[in-house]
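Here are a few exercises to work through with the model open in your viewer. Try each one yourself before you read the solution.

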Amino acid sequence: MKALLMNILLMALWVASTGDFGYGNILIGFALGYLVLWWMSPLLGRTSYFRKLPLTIGFAFVLAWEIFKANLRVAWDVVTPTRYRRPGIVAVPLDAETDLEIAVLANLITLTPGSLCIDVGEDRRVMYIHAMFVDDPEQVRKEVKQRLESWVLALMR
């Protein structure tokens, strides 16, 4: 967390010193701050920042792609006369343990069009998901585990 705050401070110093407050210059300042902190990492001590920031950026692209695909699938089902949807409720076993991990995962599932987190079991080991397209419940479980939960756990642990 300290490394992120220092990176933001270095970015702000870069933007202030150049006098350009455009998005491109902010991104350049952030990247330069990241490189400076990476170069000075022996002085910062042990931090997971240099591992988690690239993971976070990668996850943002994966999530955007998943949301894009889900939007297309739902839109196609809405505009075509043939109904492709096969709604159902699927129980997905969880590897996420903390309340924060489970809440983030539930929100990401709900954010994706065509799926909704309904409930979490009392023992917090199972999440119940309503999906619009359940051709194979095992495939839905696999997609949630591989495409969302694995990223959430990698970023939060």
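**Exercise 1.** In what order do the 3 strands of the open sheet stand, and is the pairing parallel or antiparallel?

*Solution.* Keep in mind that this is a predicted model. Start with the order: it's β1-β3-β2, and the pairing is antiparallel. Next, look at the edges. β1 (88-93) and β2 (115-120) each have a single partner strand, so one side of each has no neighbour in the sheet. Finally, check the twist: neighbouring strands are turned by 30° against each other on average, ignoring direction.

**Exercise 2.** Zoom in on β2 and β3: over how many bridges do they pair? Then find which helices pack here.

*Solution.* β2 and β3 (residues 126-131) pair antiparallel over 5 bridges. For one concrete contact, take D119, whose bridge partner in β3 is Y128. Now add the helices. Helix α5 (residues 99-111) lies across β2 and β3 and runs at about 150° to β2. Helix α6 (residues 137-156) packs on the sheet too, touching β1 and β3, with its direction at about 50° to that of β1.

**Exercise 3.** Which parts does the aromatic pair of Y34 and Y49 tie together?

*Solution.* A search of the whole structure turns up 5 aromatic pairs. In this one, the centres of Y34 and Y49 are 5.9 Å apart with 55° between the planes, which makes the pair tilted. Y34 lies in helix α2 (residues 23-39) and Y49 in helix α4 (residues 49-79), so the pair ties together parts 15 residues apart in sequence. Now check burial, where the cut-off is under 20% relative accessible area. Y34 is buried at 18%, and Y49 is buried at 9%. Last step: bring in F50, which ring pairs link with Y34 and Y49 into a cluster.

Definitions and conventions
Residues numbered from 1 in each chain as written. Predicted model: local features only at pLDDT ≥ 70, side-chain atom pairs only at ≥ 80, totals over all residues. Heavy atoms only, no water. Pairing = 2+ DSSP bridges. Helix = DSSP H or I, 4+ residues; strand = E, 2+ residues; numbered from the N terminus. Axes fitted to C-alpha atoms, helices over the stretch in contact; angles between N-to-C directions. Contact = heavy atoms within 4.5 Å. Phe/Tyr/Trp six-rings, centres within 6.5 Å; stacked < 30°, edge-to-face > 60°. Buried < 20%, exposed > 50% of the residue type's maximum accessible area, 1.4 Å probe, protein only.
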